[in-house]
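Hi,

Here is the structure I promised to pass on. Have a look at it first, and my notes follow underneath.

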Amino acid sequence: MNADEFKAKVLVHKDKCYRFALKMLSDSEEAKDALQEVFLRLWNKREKLKKHSNIEAFAMLTTKNLCIDKLRFSNRFIKDYEFEQVSDSVNIEKNEEERTSVEIIKKIIEKLPTQQKMVIQLCDIEGLTIDETAKQLDMQNLNVRVALSRARKKVKETLIKEYDYERH
């Protein structure tokens, strides 16, 4: 695969990979660094990419794996675990005039466990189907459904808890 083919077949997915990396890493500079590394890895494997029927899925899988490595390295998984342990004490700022519902939901999603965050990002934000998400994340359809259900439930419970708390 030459540079022009690489641009046409692989680099066209950079925006989607960036949004996904940004959602996982929660930092634009880290996401940009991850994206550079992803496409460097893909460039180095450009001859092997011809074997893949879905280059977009392979690029997203590479992005996911690299982001998970970065998260592990920075001990963010520990923070996610600690968050789950104290999820009852989640407190979103109470000033509704300063925040929109979308911003509140984004904050809640940011605090979800990594797998749930990835699944809700791809299904509900990117608009992929369960099948497409399963392929992108190299998961079983059932596991995607379970993770998506749990993520949506957590978002809903947190919203209800916050809005009920603010009323009383």
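To start with the surface: the chain exposes about 10400 Å² of accessible area, and carbon and sulfur atoms make up 49% of that. Bear in mind that this is a predicted model. Of its 168 residues, 39% count as buried.

As for the fold, you'll find 10 helices and zero strands, so to read the element string from the N terminus you just go α-α-α-α-α-α-α-α-α-α. Among contacts with a separation of 6 or more, 69% are between residues 24 or more positions apart.

Now the aromatics. The structure has one aromatic pair. The partners are F6 and W43, with ring centres 5.1 Å apart and planes at 85°; that angle is over 60 degrees, so the pair is edge-to-face. F6 sits in helix α1 (residues 3–9) and W43 in helix α3 (residues 28–44), so the pair ties together parts that are 37 residues apart in sequence. The two rings are not covered alike: F6 has a relative accessible area of 6% and is buried, while W43, at 28%, counts as partly exposed. W43 has a further neighbour in R46, which lies over the face of the ring at 3.9 Å from its centre.

On to the cysteines. How many disulfides does a search of the whole structure find? Zero. Take C67: the nearest cysteine sulfur belongs to C17 and is 9.2 Å away, whereas a disulfide needs the two sulfurs within 2.5 Å, so C67 is in none. C67 is also buried, because its relative accessibility of 0% falls under the 20% cut-off. C123 is another buried cysteine, with a relative accessible area of 10%.

One more residue worth pulling up on your screen is Q121. Is Q121 buried or exposed? With a relative accessible area of 3%, Q121 is buried. Q121 belongs to helix α8, which covers residues 114–125. If you set aside the neighbours within four places in sequence, Q121 is in contact with R19, F20, K23 and E126.

That's what I have for now. If you open the model, I'd begin with the F6 and W43 pair and then go to Q121 and its contacts.

Cheers

Conventions. Residues are numbered from 1 along each chain as its sequence is written. This is a predicted model: local features need pLDDT of at least 70, side-chain atom pairs count only at pLDDT 80 or more; totals for chains, interfaces and linings use all residues. Side-chain values use heavy atoms; hydrogens and water are left out. Buried means under 20% relative accessible area, exposed over 50%, partly exposed in between (1.4 Å probe, protein chains only). Helices (H or I, at least four residues) and strands (E, at least two) are DSSP runs, numbered from the N terminus. Contact means heavy atoms within 4.5 Å. Accessible areas come from the Shrake-Rupley method with a 1.4 Å probe; for residues, only the protein chains shown count as cover. Rings of Phe, Tyr and Trp (its six-membered ring) pair if their centres lie within 6.5 Å; planes under 30 degrees apart count as stacked, over 60 as edge-to-face and the rest as tilted. A charge sits over a ring if NZ of Lys or CZ of Arg is within 6 Å of the ring centre and within 35 degrees of the ring normal.
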